[in-house]
2 protein chains.
Amino acid sequence: VPQSTREPRSRDIRADMSVECPSTKKSYVLDVSVVAKPYLAEIADKIAKKFGKAMKPKMVGVLANEDPFAKMYAKWTKKACERTGIVYETLECKRTDLEDVVYDLNENKNVHGIMVYYPVFGSFPSFMAGVSMDSYIANCISNEKDVEGMCFTYIQALYQNRRHLKNKKGLEVKSILPCTPLAVVKILEHLKAYDSKEKLKGKTITVINRSQIVGHPLAAMLCNDNAEVFSKDIDSMFVFKKDQKGRGRLCETEILFEDALEKSAIIISGVPSKGYKVPVKHIKPGTIFINVSSHKNVVEEELLKKPGMVYVPKVGKVTVAMLQRNLLRLYEGYHQ
Amino acid sequence: VPQSTREPRSRDIRADMSVECPSTKKSYVLDVSVVAKPYLAEIADKIAKKFGKAMKPKMVGVLANEDPFAKMYAKWTKKACERTGIVYETLECKRTDLEDVVYDLNENKNVHGIMVYYPVFGSFPSFMAGVSMDSYIANCISNEKDVEGMCFTYIQALYQNRRHLKNKKGLEVKSILPCTPLAVVKILEHLKAYDSKEKLKGKTITVINRSQIVGHPLAAMLCNDNAEVFSKDIDSMFVFKKDQKGRGRLCETEILFEDALEKSAIIISGVPSKGYKVPVKHIKPGTIFINVSSHKNVVEEELLKKPGMVYVPKVGKVTVAMLQRNLLRLYEGYHQ
């Protein structure tokens, strides 16, 4: 789970007014607890009824950086897992031992899911970027235990818009989608941005962040679901369009960022910087704004002054629910 | 082949004095043409005698960035290939089409090797680095056609110090090593830095650059061959040491860069910056200095003032010879 979603449990309770005022123009803030709840209930129920007597699904979170935020996030994840009956263990190791720790966990039959808190080596600046040690580590994790969907097999399936893979028994199993992008999809479904048949057809979305851990897969997924998605990063703009094979693909665009914002019914921002704020004057009334950064990428008061806004300040609770859901999927697909 | 080795053919002829003065203390500059020559002769001979009537080995270089330097390097590679009898084709495409172009080449039975000129997407700064689009593309290339040894399978084999893999027929084939690091090894062999039995045992080496395309695999390879290797990047130092399983592994170190230089009999520098110069005052007499950057990372005149220095200003010719050698290895291992 990327840095952007590392957030401690929220203590302020915000009203979920999505049910009370769907058609009015009143702006509101969505606490995503309501989105996570049914997924967590389903997971808890499955574990209690199906896996009650068998070996419980177990996930290991590997802490190989010195990041206190990662430690806090690991504690938070452990608590969330315990509530549904998933066994969660934190394993601290030196970054120089990380690769071998991953191989040991791959072999360990009592472990069904592995996650690594990134960045580990990614935090060192390098003379040449491009191919990274962290992505090497992500590929060392067995497909059968990759709860975060970060290995090449799952990322490729996502970019090819293939939803299923085959396990060793030749049975079709669902591919694993990365947790934060998947959480955003679930939040949009909750907000009824999805049409049951056409999904996101006709919708324009802007995603600010094109990293391989959040923004790029998210934009591809939303485009796979029929949206037109503008993709903004530090000094580049692209657009994701669906190709003839039905895959959301990166395409060139000349559009300006401000114009993309003004066209968008949904804006998702994941800029890991305290100072960054999306300019509210370019956001149209009735927009859904989802913040996936641990910093607030918009001035809330200013945003909510406009009519019909839905502001989602944090997605972490749904991200952790998706992490657990991915673990169950792996458990059922590969470890039974 | 990384940016650092993109250099046009050298026109100045430098004397190779490694044979004439091995035991004297005179410093000299090595033109690596002499290192490349026997490999190129062997490749040409093999193609003429073994593959003369069959389909000639063919490599496609994909240009998906707008980098004029990459274009020049592609032309240079084409000429080098034509001299040995390898068919080399350049394919220009939009970066947004790159993934599908790679898949088409994977399927094309007339093509035995694929190389992509990086960085493509890597040249865009991103809000979160770590896992990159360029490394995704590198993994899209079939193992059977990956002439640069950049896909996960080959990098993992290197870091695990496994020299062989099995092909689909179950036959053992040699793994593919990345071209620039392999070129450095061949240059060191030429300079008799390798002992026929103990290889680099007892030697201390400093590698400046820890990118996944040059410095990191190079340091691991030299350590696999028994050297102690200090690894320097922008603001971090590590050391590669051999573990109990015989693998060169990244370890923590407290050593200062200057002290590492002073301990080193071999220094390899790959800093892609015009202004960067390794401080000569910390280099001891009799050191081999290999420059793998397209910029000169040392002041030549100053370096050569010290006794017994061997200065290798460019490695590109050997890199391209290794690229061709890798192609033949793939051709023989997978395409016959």
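This report describes the contact between chain A and chain B in a predicted model, together with the salt bridges that cross it.

## Basis of the description

The model is predicted, so that local features need pLDDT of at least 70 and side-chain atom pairs count only at pLDDT 80 or more, whereas totals for chains, interfaces and linings use all residues. Residues are numbered from 1 along each chain as its sequence is written, chains are lettered from A and ligands numbered from 1 in the order in which they are written, and side-chain values use heavy atoms, with hydrogens and water left out.

## Chain A

Chain A has 10 helices and 13 strands, these being DSSP runs numbered from the N terminus (helices H or I with at least four residues, strands E with at least two). Of the 336 residues in chain A, 58% are buried, where buried means under 20% relative accessible area, exposed over 50% and partly exposed in between, with a 1.4 Å probe and protein chains only. Among contacts in chain A (heavy atoms within 4.5 Å) between residues at least 6 apart in sequence, 64% join residues at least 24 apart.

## Symmetry and extent of the interface

A rotation of 180° with 0.0 Å of shift along its axis superposes chain A on chain B with an RMSD of 0.0 Å, the fit being by least squares on the C-alpha atoms of residues with pLDDT of at least 70 in both copies. That is the relation of a two-fold axis. Because 100% of the interface residues of chain A are also interface residues in chain B, the copies meet through the same surface.

Each chain gives 48 residues to the contact. The area buried between the two chains, which is the accessible area (1.4 Å probe) lost on putting them together and summed over both, is about 4,600 Å², and carbon and sulfur atoms give 66% of that area.

## Salt bridges across the interface

Between chain A and chain B there are 8 salt bridges, each defined as a side-chain nitrogen of Lys or Arg within 4 Å of a carboxyl oxygen of Asp or Glu. The elements that give two or more residues to the side of chain A that touches chain B are α3 (98-107), α4 (133-140), α5 (152-159), β8 (228-233), β9 (236-242) and β10 (248-252), and the largest share, 6 residues, comes from α4(A).

One of the bridges links E252(B) to R95(A), with the closest N and O atoms 2.7 Å apart. E252(B) lies in strand β10 of chain B and R95(A) in the loop between β3 (87-92) and α3 of chain A, so the pair joins two chains. Both ends are partly exposed, E252(B) at 37% relative accessible area and R95(A) at 24%. In another bridge R249(A) pairs with D100(B), the closest N and O atoms being 3.6 Å apart; here strand β10 of chain A meets helix α3 of chain B. R249(A) is buried at 10%, while D100(B) is partly exposed at 23%.

## A shared network and a buried glutamine

R247(B), buried at 3% relative accessibility, forms a salt bridge with D100(A) at 2.6 Å between the closest N and O atoms. R247(B) also forms one with D243(B) at 2.7 Å, and D243(B) is partly exposed at 23%. Salt bridges that share partners join E99(A), D100(A), D243(B), R247(B) and R249(B) into one network.

In helix α5 of chain A, Q156(A) is buried, with a relative accessible area of 16%. Leaving out residues up to four places away in sequence, Q156(A) touches R162(A), Y103(B), Y136(B) and C140(B).
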